[in-house]
Structure formats: C-alpha cells, structure tokens
Amino acid sequence: MTAFAVLLGGCSASRKTTALPLEPITYVDTLPSEQPGDRRVDEVSRLLKVSVGGEIGYGFSFRRLIGAGHEAVNVSRFDDAVNSAWFEHRIDRGDMSPEDVARGPTTVGPDTSRELTVIGGKTAGISAGFTVRDARGNTFLFKFDPRGNLHLASAAGVISSRLFYAAGYHTPEDYIVVFDLARLVLDPEAMIEDAGSERPMAEDDIYTVLALTDPLPDGRYLALASKFVPGRPLGPFLFSGFRGDDPNDYYRHEYRRELRGLYVVSSWLNHVDMRFANTMDVFIDPPGYVRHYLIDFAATLGSGTIRPHQPREGVEYNFDFWPSVARMFTLGFYKRGWEDVEYYELHPSIGWMPVREFEPGSWRANWPNGAFRWKTAADGYWGAKLVAAFSDEHIQAAVAEGALPVGEAADVLANILMARRDKIVTYWYGRVTPIERVDARFEYSSSPSLEVSFDDLGLEAGVWDAGRTSYTCVFEDIYHEIKLTFDHTASASARQTLRIDLGDLDTGLPGVGASESTATLQIEAVRDGVRLKRGAVIHLRWEGAERGYQVVGLRH
Amino acid sequence: MKRTMIRRLVIALALVAGLLAPCVPARAQESSGDGPVSPDSADAIRAELERPPADPPFDVVDGVTLPFRILVWPLRIVGHGFAELIGAVTQEQPQGVPPVFRWMNERGIRPSFGSIGPRSGIAAELTYVGAKPLVVDAAFSIRTSQRYMVGLQFENYLGSLYTGYTFQRDAEPRFWGVGNDSRKEDRVDYLRDHQRVSVSGITRVSTVRLYGELAWEDNRVDRGKDSRTQNIQDHPEFSTLYGVNERVRYVLAVASAGLDLTRNSELQQRGVYLELGSGIYRGIDGTDSDFRRFSLVARGYVPLNPRQQFAFQILSELNRVDRGEEVPFYHLAVLGDNLGARALSQERYRDNDMAALMTEWRYEVWRELHGRSRVETFFLFDTGSVQSEITRISLSDMNRSFGFGWRLVAQSRATIVNYLAFGPEGLRFRIRFSAVF
C-alpha cells in the first residue's frame, strides 16, 4: 500500500488524485546483454554472513520489531509478479493440466538403450555421482539414492522439479533413469573431483560411487538424471543484492516478489536446502540474457539427499544463531519443539515429511537468506496462491513421475503434499484479506452508486465459512471528497458484491489521467468475529460520469 | 512533462513487447535468432524504461535507524572481513596452494603448524615419512624455538616402536621461581637446548595402553632470547638453582600404563581414563643427580543427558631426589595454563610436587545437521598447587581459575577451543587447536 505514493495535483487545482505506481515490465530482463562473468561464491564466508551477521542484523532490526518490513518492489498494480527471466506464470493461470504438470520442463530423457559415456565424476561432497553423455549427445548428471533408501532422493528430485516448474520457476529437466552397468563406458578424458581437486577418473571410481547406493533387484541401477541446462552456466544467484555485471538484473533480489514467494513453495515441498548453492544463472545466447534456475531438488520432500530428513529440518536453520545463543545462556536447557518430536520413517522411499508439525509461517530452510527473511504477508499470500493452484490431480500426476516403488508410498506422499498445501492456504490466506478478481460497476442515476465485486479466496478455498465472515469497508474518494465506512455481511458464495451508495457524488467532474487513481476501497475481512490485521485496498479511478469508476489496482 | 513521460513509457513498452514477442513463449524461452536488438541498443532501451525503483524508497524507519546503522557500519565491515577471511582459509581450492600440497603429499612430506615447546609460539613443521620406517622432522617457531628429529618408526597392529635422535631448543621459556609463593615480578627467561637419543614403544591391549621409553638426555641452559625479560643467570636467587649453570646428562627409563574406558559418542567424549606413570633419571658424565618421577592422570566424562556433561581431570606429579643435587629446575613439576590452571601462564609454578583438579560443565549449543561438527559451551573451574612435598598442599594454597569458553569439535578431529579464564593474576584469553582434556 505504501508503494502508492500520494502526490498532490491532478486535473483540477483543488482536486486531489493519487499517482499510480510504475509497474514492472514483462520479460524486460530478457533484453540482450553482454555475457556476465562467472560467479564463484565462497560457501563458508557466505553462510557465515547470512547465518551470523544476517541473523544479528535481523534480530536487532527496528524495522522488524515494529513490523514495518518493506514490500516487494517488482509487483504489478494488481500485486502480482510479471513474467521474467526469473519466473513465468504457469499453474496459477489455470491452464495447466495434470499431464502438463507431470511433463514439467522435460523434453528428451537419457537414452539408456545404448552406450552411456561417463565423462566426469564427483566422490566428495554430500552426494556422489557422475556426468554421463548418452548416444544422442545429451549430457546428464547422474545422482543416486542413499543405501537403504532407494527412490528417496531420486523421487524427491523429480517430483519437486516438476512442481517448482509448474509453480513458475525455471528448473532443469530431471528424469528417473534405470540403466545396466554394462552400458557405462569411461571416457579416457574423464576427470573426477576428489578431495577438493580433480584427477583422471578410473573405472574404480564408478564402482566407488555405485557402492554408495543399492542396486535394483534385477541388478540394474536407478538414478536421478538431471539434464544440463541449455546455455552457459555463470554460477549461482544470491537471495540478496543483485548481479552487478548483468544490466538486466535490476531489482535487488531480497525485494523480488518471486523470490520472497518462493519461501512458501519451498515450505510446501520442504526444500530445506533452498540456498544459493542450489541455484544457477545461465546465459542464454542467443538472444543473450541471464536466466535464473533453481537446481538440485534431492533435499526436498522427505529426503535429505543422503538420508531422510530429520525433525529439526524445516524448523531450525543448520546454524541458528539465536537459538544457539539461547542455549548458551540457559546452560543448554533451552529446548525447541522439534527436539521432542518422535522421529519415524514414513517409508524408506519417502523419509520424513511431517504434516502435523508443519507450521507454514515458521518453516525454515537450512540456511537463512534475505528474500525469505524479509517476506511480508503479501508475499506469503502470493506464494500461497501458487500452491493453492495445484489440485489433487496435479499433485498426484507429479508424484507419479517419481516412480515410487509401491502405490501406497505414492498415495502417502501425495496426501502429505495435499495436507501441507491446505495448511499453507489456511495460514497465508489468514494473514491478508484474500480478495481477487475485482470488478466495479458504476450506476449513473439520480442516486449514483458503485457496485464492487470480488472473489474471497478464503471462502472459495473453504478455509472459512461465509456465514461467519463479514467485511469492514472504507470507501474514500479524495477527488470527490467522499469518505464512507460500512460493514458487509458475506453472501453464501465466494463472489461478494458490495453496493456503495454515492448519493452526494458530483458526477460532473471530469475523468482523470491514466496514471492516476482517485479513490480507494479498503476491505478488512472479519472471520469468526476476529478482524484480520491486514486489509486489501482496491484502487479506483474516476473516468467521468459515463464510465464511472474503473478498478486500477489492488494491494493485499 | 507528465505526458512526455507517459509517451516514453508507452514507446518503451511497445518496443519491448514488439522485440520480445517472438521469444515470449508459454514455457521456457527459446529464441529463434539474434533479433534486431544488440546489447548496446538494449542498454539504450533500458535507460529509457520507467519501472519501479530497484530498492524501496527511503522512509521514516530508515531515517530513524540511520544513526544506528552508521554506528554499526564499522562492525559490519569487520564482520564481513572476518567472514571473507574464514572463507579464504577454509576454501577447498585456494589458487596455487593445492598443487604444492599435493606434490608434497605424494612425496611423503607433511607440513603442519603448532606449538613445539614451552612458549615457542606458532611453529612451522615439516615431517618426512616418504621412506618408511625413516622419519625426519624439522620445526622452527616464530620465537626461534627449534626441533630436529631423525628416527625410525615401526608400526603394526600391536602398536609402535620408535628409536631416534632429537635436538630441541626452547628459546625463551619463563621461570618465576620454585614454590607456590613465587612472585609474578620475579619472572625471568632462559634458553634450553636438550638432546635425546631414545627407544620408545607403545602398545594397546584392549582398553589398556602401555608406554615405555629408554633414553639418553643432554641438557644445557643459556641466556634467553627475550630481550624484555631478565635472564635467569642474572637473577641473584635463581642463578644458583641446579641446572642453570651445569650441563646435565641423564639416562632415563619411563613407563606408564593407562586404562582407557572412554568412547567418542556423536563427537562427545564419555567414560573415564586413568594413567599412572613413573620415570627414573640417573645422572651420567659427572652429573651429580639421580631422581624419580611419579605421575597420575585421571579423566572423567560424565554425560547427564545428550546435551549436558560434567568433565574433570586430575593431574599430579611427584619428583623425589635419590642422590646428589636437586632436581634440575626445568624438570620440576609445573602448574599453569592447560596443566592445572588455565588463568595462569604456562609453567607459572614449579616445585617437586604438583596436584591439580580441572573441571568443566559442558553443554551443547549447536550440532551440524549431518553430525559432522558440534559446538559446546563450558564453564571451567581449575584448582591446583605445587609444593616441595604433596602432603604440604593445603586447600588455602590452591590457585584457582574460573572461566567460560566454547569448543568446536569436527568429525575430522579438528578442534578449536576458545576460553576466557579469570585468576589471581588476571585473565587469559586463549584459542587452542586441541582439547585440554
């Protein structure tokens, strides 16, 4: 709301109007540019900065203490992100079928019927794997499940990749692949990353990697094959600041709506490893711009990549500064809820993904970041709308792509995702007054009136009952100098219509310019007698007696 | 003015929409070609665009917090610098370094850094193990302490056997006098060269650890290298102590037996450890001194729950003269620093006998998700004393240290211990890279 700067002026010296904010421009960040340099981020110093420096700064932030966090800057007048090199509206536009979700970004998977040439490998780090080029010339990164948890990381990777993609983010093509060991051929030029350095890869290295996973009963191996994204990789993007050598990277990342809203999607899919290391900037040439990818979804859902998730994950950062300080000053007696949670494995292929303990507002990735830290209720609501757009069928279709070993496991996982989706919707729709699809109809007569209609997503999603919902409304027209306050009791359906009697309206005043608004309608939902802290504000423009008021903006 | 701006925005929008229309797909973008816009002309378009500011506008909260932000700005700079430094130190592949280390490693040369003796300061050490069982070691410290060693090391599943020659120079250790009432202002320094030819062996049978050593030892004391401190030879009282002016040679036999009932459970030590040791020193080549040494080390790690733990260490050493002169002053039992009194300087007190109790209340404050490291905080309390005979030690003579600190323990066995200890002679802030106990 504060983004709407109030300016004096307008068509008449004595009449006030409000200048509408500028809007971000669709795909403007795909304008051609010179190729930016490679970015190498030192993990330790970065994590120290965000986990210690960032947390201390946030802990003492006056802005946080008084709840005056900045809103996202790259939002349209209707409080939405626009398509860009970061994000594209997909499922929330309502035209993705379950089949589309299941397909995700995939095109052509690895050809396992012919030779698979191993051209590189990695034995160190959290997950081992190797790089494979198939007979079609496509390159994939093969990663494996931990022993005792076949399907755990591979299914999580493929399912989450599909869901993040459908939500609107750029993701690589991930496939479940089953291959015969005999198909693997070591490229004589292959190098392997071992103990922080590279050396020529030997056949034994392949066995070393494969020894970390279980073969299938028929002796073949199952892996997650992640296709190399097209373009030139430039290293990760960060969740704060911007890339100085990319002229298209205009908005500071911590104020980007799609990165703040990503918190909600990440919480849904339990992507606790959502940090810079699992992102990638890629230079797409032609035409020559940087596209921003999310990569590596092996630590999502119930999978912690090399083991199932633990109850602590999703609740506390890997290094959570303030709880650690609290433990320090309470002789270690300070405890958090997760410490008493009884851990159990839902199924070896699913791992640990709680529903009851899941709290959408306090979920945490393993490492803090600026965008997630400074998200507001509006950002959370925007992210929740993305999550809410996934129907049960969409979820089931994506889960089916994970090739879980038994139907029961797939059903359990789908049910968990549905339950977490519903919790997210309930929580975030309760942080704002969730109205959308606003229309205004002006009735010009001897007694002019304005009818404003909108969908209450809280009622539409069944989170609240219409019988126990009402709205407190304030209509203020600074151009006509009218201010009205009234209550409205919700009607049975999600579509609500408010009728505002404007008997004293001076309809003779001329309409104002396209970049201005003249009136606001603030609506605060009251659910079960409790007024929500944050109302929605509809911005209206007077366009003369013929056209009356037009809706020109909406803020949550 | 306003109209001009609107016109520009409309033109820009039209330009962008028009130019990008062919590459605005419903799914991931695929471009059909270079298109008519070059990076340079795109810059011109970008410059004309009117869009929301990249940052939120400066507001009242920014104004209110501005002075505070200016105040903490230097701290932020320091913090960022510290993070960068840690990052550089822990970087897996610092440019140019790995090939050197790899080259050395492949040839059996192991570089390391650490202390090599009392008040040595940080020393750089190179150990050569490339022609086993030969072991060659050389170390040199910032305070010019040195150690050179050549020997043969045999190892198998039963244990290890070592025989070799060592020369060590402690360039500027300090000495405050003998007894529990030695004064802080009497501090002197000295230089000690000692050589040793030895045969030693260690074996471990189940939970029992046995150690034995036979050695020839030569000691010479000279003027210390610390120009700010008086030399021991110039102190009227200390200059007459046995070992200051004499070259002292011994043959010696040392043996110890330890019962190790500890185990490392999730990076936390648990259980008890008990070690008894004895040594016999016999003067040779005109050295008129024979003495015996007895030592005790007892450690206990008592977990109260997975987080809280009480840990203690009891240290004691007794030296008894059998013949001739006193025990040389540098062979007396010591109390100070990690030996019984963390608020005191290293080797602060010396006498024939020493007894100390070191305790810690430890509690975990952080554990890495994958269990690869943990941080615990601890409160420490040490108490100890030296006397000519242990029976003379009384509770009223005890030197006490209080303090607190934290310890990072990693799966790789890397340890960082940092503590602040308070005692009768002030406070000591220490960072160590090994556990005290």
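Reader: Over how many bridges do strand β12 (residues 435-443) and strand β13 of chain A pair?
Author: A quick heads-up: this is a predicted model, so local features need pLDDT of at least 70 and side-chain atom pairs count only at pLDDT 80 or more, while totals for chains, interfaces and linings use all residues. Residues are numbered from 1 along each chain as its sequence is written, chains are lettered from A, and ligands are numbered from 1, both in the order in which they are written. Helices (H or I, at least four residues) and strands (E, at least two) are DSSP runs numbered from the N terminus, and two strands pair if DSSP finds at least two bridges between them. β12(A) and β13(A) pair in the antiparallel sense, and the bridges number seven.

Reader: Which residue of β13(A) is the bridge partner of Arg441(A)?
Author: A hairpin takes the chain from β12(A) to β13(A) through five residues. Across that pairing, Arg441(A) has as its bridge partner Glu451(A).

Reader: And in β16(A), which residue is the bridge partner of Ser449(A)?
Author: β13(A) also pairs with strand β16 (residues 495-501) of chain A, antiparallel and over seven bridges. There, Ser449(A) is matched with Asp501(A).

Reader: Which side chains of β13(A) point to the buried face?
Author: In a regular strand the side chains alternate between the two faces of the sheet. Buried here means 20 or more other C-beta atoms within 10 Å of the residue's own, exposed means 12 or fewer, and partly exposed is in between, with C-beta atoms placed from the backbone. Along β13(A) (residues 449-456), Ser449(A), Glu451(A), Ser453(A) and Asp455(A) point to one face and are not buried. On the other face, buried, are Leu450(A), Val452(A), Phe454(A) and Asp456(A).

Reader: Which are the edge strands of the β9-β10-β11 sheet in chain A?
Author: That sheet is open, has three strands and pairs antiparallel in the order β9-β10-β11. An edge strand pairs on one side only, which gives β9 (232-233) and β11 (289-294).

Reader: Which residue of β10(A) stands opposite Pro233(A)?
Author: β9(A) and β10(A) (residues 279-284) run antiparallel, joined by two bridges. Opposite Pro233(A) stands Val282(A).

Reader: Are helices α6 and α9 of chain A parallel or oblique to each other?
Author: α6(A) (residues 257-268) and α9(A) (residues 377-388) pack at an angle of about 55 degrees, with axes 8 Å apart. Axes are lines fitted to C-alpha atoms over the stretch in contact, with angles from 0 to 180 degrees between N-to-C directions. Under 35 degrees is roughly parallel, over 145 roughly antiparallel, 65 to 115 roughly perpendicular and the rest oblique. So α6(A) and α9(A) are oblique.

Reader: How many nonpolar, polar and charged residues make the contact of α6(A) with α9(A)?
Author: Residues are in contact if their C-beta atoms, placed from the backbone, lie within 7 Å. The residues making this contact include Leu262(A) and Trp268(A) of α6(A) and Trp382(A) and Leu386(A) of α9(A). Ala, Val, Leu, Ile, Met, Phe, Trp, Tyr, Cys and Pro count as nonpolar, Asp, Glu, Lys and Arg as charged, and the others, Gly among them, as polar. The split is nine nonpolar, three polar and three charged.

Reader: In which loop does Pro286(A) lie?
Author: The peptide bond from Asp285(A) to Pro286(A) is cis, with omega near 0 degrees. Pro286(A) lies in the loop between β10(A) and β11(A).

Reader: And where does Pro133(B) lie?
Author: Another cis bond runs from Lys132(B) to Pro133(B), with omega near 10 degrees. Pro133(B) is in the loop between β2 (123-128) and β3 (134-141) of chain B.

Reader: Is Leu301(A) buried or exposed?
Author: Leu301(A) has a positive phi of about 50 degrees although it is not a glycine, and lies in the loop between β11(A) and α7(A). With 31 C-beta neighbours inside 10 Å, Leu301(A) counts as buried.

Reader: How does Arg119(B) count, buried or partly exposed?
Author: Arg119(B) also has a positive phi, about 55 degrees, without being a glycine. Arg119(B) is in the loop between β1 (109-114) and β2 of chain B. With 19 other C-beta atoms within 10 Å, Arg119(B) is partly exposed.

Reader: Which element gives the most to the side of chain A that touches chain B?
Author: The contact takes 48 residues from chain A and 51 from chain B. Elements giving two or more residues on the chain A side are α1 (43-59), α2 (62-65) and α7 (321-329). With five residues, the top contributor is α1(A).

Definitions and conventions
Two residues are in contact if their C-beta atoms, placed from the backbone, lie within 7 Å.
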